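Here is a short briefing to read alongside the model. Keep the viewer open and follow along topic by topic.

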Amino acid sequence: MRMGPLELYKKLPKTNCGDCGHPSCLAFATQVVGYGQDLRDCPHLAEAALQEVESIIEEQRKEGVYVKQDNHKITRDHLREKIKSHDFKSIAPGLGVSYSEDNGLVTLKIPYFDRVVSMSHSGILAENSEEFDPWDEVLLYNYIFFAGSKPLSGDWVGLENFPNSLPKRAALDEGCHRRISEVFSGARTALESACQKLGGTRVVDGHSGDLAFQFQPLPRMPLRLLFWDEDREEGFEAQSKVLFNAAAIEYLDLEGLTFVAEKLANKLIQIKKGGT
Ligand code: SF4
C-alpha cells in the first residue's frame, strides 16, 4: 500500500490545531510524507493510527517513494559546501557571532532563539545529541553564507517592503500572522507572557498595536511582533504583524525571513499550549 499526503491526512485528527508547527493537518501530512517530518510530531495522533501508518511511511522512505527531501538536502549540502570557503574569522564580527579556534578546529557560536549553535567548516555541530530540524540547518547555513555586515537600520518594515516579496507574503500571513492572531485572540495576557518566556523585550513606543515585543532569533536578525487584540463590540478580529529590520535582507533571503517569522509563531504557540 502506498500512502500519499491525502491518505495520511485521513488518519490524522483533522482539527488543524497547529501543535505540530503547521497550520493544518494536511500541511503536516505533506511534510511527513514528502519531507521526512516525524509522524510523532503530531501529539494527538491515536496510538492505533500511529501503529497503522508508521511502518508504511518508513518503508516508503526507504524505497524513496514520495520523498522530496532531496531538494532540501541538495540546498543544505550546497550551502554547507559554500560556507567551507568562508573565512569565519573575518565574517564573525559582521554577523554578531563568536569565533574560536582550538587545535585547528575553527568554530562559530551562533545564538539562535533560545540556544547557541556551534558550526565548523564541516557543518553544524549538534550539542547534547540533539537532532536539528533540517529547515533550521538551511536557515543557519544561509545566515553564514550571506555573511552580512551592513549595520542595522533604525527602520522597521513588513516583508512587503522588500523587493520581489509578493510570492512569500501569503506564506508569512498563513504561517505566522494568521496563526498568532487566531491562537491569541482575546488572550493578550497569554501572548505577553509567551513573549516574555521567549526572551522578548517589550517595545513601548514607536508602534501602534496593543502589544509590541522585540525578539532576537539571530544576532543581526531582530524581529518585532505587533498585536492588536480583538474588539468584539467594534467587530474587529485580532491581528498581528511581524516587522523586520530594514537591513534584514542583507542577512537572509526572503525564504529565510519567512521561515524565521514562522518559527517565532511556532514557539509562541507552543509556549501557550504548555510546550517548550
Ligand atoms: S498537531 Fe498538526 S497534524 Fe496533529 S491534529 Fe494538530 S494540526 Fe493536525
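In this predicted model, Trp156 stands opposite Asn245 in strand 9. That pair belongs to the contact between strand 5 and strand 9 (residues 239–245), which run antiparallel and are joined by 2 bridges. From there, it is easy to work outwards to the rest of the sheet, then to the second sheet and the ligand.

**The five-stranded sheet**
- Strand 5 and strand 9 are part of an open sheet of 5 strands, with antiparallel pairing and the order 5-9-8-7-6.
- At the edges lie strand 5 (156–157) and strand 6 (201–202), each of which pairs on one side only.
- Helix 7 (residues 166–184) packs on this sheet and touches both strand 8 (221–228) and strand 9.
- The direction of helix 7 makes about 135 degrees with that of strand 9.

**The four-stranded sheet**
- Another open sheet has 4 strands in the order 1-2-3-4, again with antiparallel pairing.
- Its edge strands are strand 1 (98–102) and strand 4 (123–125), and each pairs on one side only.
- On average, neighbouring strands here are turned by 35 degrees against each other, direction ignored.
- Strand 2 (residues 105–112) pairs with strand 3 (residues 115–120) in the antiparallel sense over 5 bridges.
- Within that pairing, Tyr112 stands opposite Arg115 in strand 3.

**The ligand site**
- Where does the ligand sit? You will find the ligand in the largest cavity.
- Residues surrounding the ligand include Cys17, Cys20, Cys25, Cys42 and His44.
- Also among them are Pro13, Asp19, Phe28 and Pro43.
- Sorted by class, the shell around the ligand has 7 nonpolar, 4 polar and 1 charged residues.

Terms used: Residues numbered from 1 in each chain as written. Predicted model: local features only at pLDDT ≥ 70, side-chain atom pairs only at ≥ 80, totals over all residues. Heavy atoms only, no water. Near = heavy atom within 4 Å. 1 Å grid on protein atoms, 1.4 Å probe; cavity = no way out; pocket = protein on both sides within 12 Å on 5 of 7 lines; lining within 4 Å. Sits in = over half its atoms within 2 Å of the grid points. Nonpolar A, V, L, I, M, F, W, Y, C, P; charged D, E, K, R; others polar. Pairing = 2+ DSSP bridges. Contact = heavy atoms within 4.5 Å. Axes fitted to C-alpha atoms, helices over the stretch in contact; angles between N-to-C directions.
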